[in-house]
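Hi,

Here is the structure I said I would pass on. Have a look at it, and my notes are underneath.

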Amino acid sequence: MNVRTLEKLNKQFGSSVLESSEFRGELTVVVPADKIVEVCRFLKEDPDLRFDLLADLFGLDMYTPVKRFGVVYNLYSLKNHHRIRIKTFVEENHPHVQTVTGVWSTANWHERETFDMFGIIFDGHPDLRRIYMPDEFEHHPLRKDFPLMGIPGSLYLPKK
Amino acid sequence: MFRGSIKLGTILGITIRLDYSWFIIFFLITWSLSAHRLPALYPDWTPATYWILGIITSILFFTSVLIHEMAHSLVARRHGIPINNITLFIFGGAAQITQEPKQAKDEFMMAFAGPRFDSSRFGSEVFRFSPRQADVMIVAGTTTYKMARVVRKIYDQMPDPKWVIAMGACTSSGGMYRTYSVVQGIDQFLPVDLYVAGCPPRPDNLLHALMTLQQKIQRRESKGSTLGLVGEFPHHKPKSPIVA
């Protein structure tokens with residue numbers, strides 16, 4: 001199944017598939033950020049593959065000078081009982097990824113969480129607000145340069 | 001569990017059922033009363049009187065079991081746990097709850113007020129479900145920055161004089177949650193009178209806190225209220241000390 005999926009992706013997108021690896025039967029594919037919606041839509045709507053469930057979507061902070069932030073999509077095919085992982089990376093000075101809410105509606109809150117925690121902006125998202133932290137909070141807590149105990153005074157606390 | 005049972009009726013929306021095994025215990029109680037206990041106590045009555053009195057006593061006994069189970073059911077329903085039915089069977093009565101309590105707090109409060117850790121023995125029995133009727137606030141559980149303003153609002157709604165108990169390590173100091181989103185101790189935004197140790201604290205620990213609080217009230221002390229309002233007013237001195 002992994003071989004068939006990868007063949008289909010290579011045939012459809014050619015050189016767009018930057019990198020692929022397999023670990024213990026799980027296929028991971030890295031694609032460029034501007035191709036992510038096309039790849040996701042293809043994986044979901046191909047009648048043979050049918051990755052129709054977005055099991056998870058989350059962010060990564062590699063803390064590297066290039067391609068610092070990543071977004072990971074864990075997909076599941078209810079038809080084939082098969083999983084695949086899609087990754088994409090963006091630069092620190094331009095952390096923009098196209099939204100996949102048009103493909104899977106469930107991505108809405110996942111992308112809000114990733115935006116809240118990492119500051120990755122999902123272009124075209126219908127309602128990109130913070131989901132955990134207060135609206136007026138100015139930082140992104142899961143970034144590696146955010147201190148564990150937070151920044152004093154950045155969160156409102158009632159006076160004693 | 002109760003497959004063979006008779007439906008007796010419905011009280012306050014709770015179905016009362018009678019298991020077949022109940023007739024065994026009903027007969028045993030009636031028989032032991034009528035054939036042994038009553039003849040021993042009142043030797044000059046007729047056998048018919050013994051049996052009629054035995055049956056009436058047994059019915060009254062099981063009515064009291066039913067009332068006991070109704071009390072359980074109504075408390076559970078008050079906390080939002082629906083009750084299906086009450087069944088009387090060979091070992092007494094059983095109320096069938098449809099689910100476990102949703103919050104650990106409800107479970108704790110049920111146990112705390114129940115007979116094993118009976119808080120009413122120490123003079124604190126009534127739980128109020130509104131801060132406007134409360135004297136003591138027990139803050140239990142991790143308090144995040146986002147929740148802090150809500151906790152503070154509840155505290156501000158309580159009438160003076162008032163006291164605050166921080167229950168558990170997470171509430172008192174942040175506990176194991178050493179992270180940006182958790183307030184490292186609610187005394188950063190509330191005047192706390194007592195800290196209860198433990199993660200989670202044992203119920204007797206909280207009982208001890210309540211008794212310590214009573215001593216504190218007798219000494220007219222409160223972290224959050226002005227001293228004149230605790231137990232006495234400037235223009236009115238009570239003749240005997242107020243025992244809380």
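Below is what I found, going from chain A to the interface, then the pocket and chain B.

First, a caveat: this is a predicted model, so please read everything here as computed from predicted coordinates.

**Chain A**

Chain A has three helices and seven strands. Walk along the sequence and they come in the order α-β-β-α-β-β-β-β-α-β. The chain has 160 residues, 44% of them buried. If you take the contacts in chain A between residues at least 6 apart in sequence, 51% of them join residues at least 24 apart.

Two loop residues in chain A may catch your eye in a backbone check. A:Tyr63 sits in the loop between β3 (53-61) and β4 (69-77), and its phi is near 55°, which is positive although the residue is not a glycine. A:His81 is in the loop that runs from β4 to β5 (82-90). Its phi is also positive in a non-glycine residue, near 50°. Is A:His81 buried or exposed? Its relative accessible area is 59%, and the cut-off for exposed is over 50%, so A:His81 counts as exposed.

**Where the chains meet**

On the contact count, 17 residues of chain A touch 15 residues of chain B. Together the two chains bury about 1,400 Å², with 69% of that area on carbon and sulfur atoms. Which three residues supply the most of chain A's share? They are A:Met149, A:Leu157 and A:Lys160, which supply 40% of the area that chain A buries against chain B.

Right beside A:Met149 in the numbering is A:Leu148, in the segment after β7 (121-123) of chain A. Setting aside neighbours within four places in sequence, A:Leu148 is in contact with B:Arg178, B:Thr179 and B:Tyr180. Even with those contacts, A:Leu148 has 59% relative accessibility, over the 50% cut-off, so it is classed as exposed.

**The second largest pocket**

This one holds about 170 Å³ of space. It is lined by 14 residues, and those closest to its centre are A:Met149, A:Ile151, A:Pro152, A:Gly153 and B:Tyr145. A:Met149 therefore turns up twice, once in the interface list and once here. In case you want to put a probe molecule in there, the lining divides into nine nonpolar residues, five polar and no charged.

**Chain B**

Helix α2 of chain B covers residues 47-78. With 32 residues at 1.5 Å each, the expected span is 46 Å; the end C-alpha atoms are 47 Å apart, so the two values agree. Buried residues in α2(B) include B:Tyr50, B:Gly54, B:Ser58, B:Phe62, B:Val65 and B:Leu66, and B:Glu69 is on that list too.

B:Thr171 belongs to helix α5 (residues 169-173). Its relative accessible area is 1%, and buried means under 20%, so B:Thr171 is buried. Leaving out residues up to four places away in sequence, B:Thr171 touches B:Val139, B:Ala140, B:Gly141, B:Thr143, B:Ala166, B:Gly185 and B:Ile186. B:Tyr195 is 24 residues along the chain from B:Thr171, with 8.6 Å between their C-alpha atoms.

One last thing to check in your setup: the peptide bond from B:Cys199 to B:Pro200 is cis, with omega near -5°. B:Pro200 lies in the loop between β7 (194-196) and α6 (203-218) of chain B.

Cheers

Key
Residues are numbered from 1 along each chain as its sequence is written. Chains are lettered from A and ligands numbered from 1 in the order in which they are written. This is a predicted model: local features need pLDDT of at least 70, side-chain atom pairs count only at pLDDT 80 or more; totals for chains, interfaces and linings use all residues. Side-chain values use heavy atoms; hydrogens and water are left out. On a 1 Å grid over the protein atoms alone, a cavity is a set of points where a 1.4 Å probe fits but cannot get out, and a pocket is an open set with protein on both sides within 12 Å along at least five of seven lines; lining residues have an atom within 4 Å of a point. Grid points are joined across faces, edges and corners, and a volume is the space filled by probe spheres set on the points. Ala, Val, Leu, Ile, Met, Phe, Trp, Tyr, Cys and Pro count as nonpolar, Asp, Glu, Lys and Arg as charged, and the others, Gly among them, as polar. Helices (H or I, at least four residues) and strands (E, at least two) are DSSP runs, numbered from the N terminus. The expected span of a helix is 1.5 Å times one less than its number of residues. Buried means under 20% relative accessible area, exposed over 50%, partly exposed in between (1.4 Å probe, protein chains only). Contact means heavy atoms within 4.5 Å. Buried area is the accessible area (1.4 Å probe) that two parts lose on being put together, summed over both.
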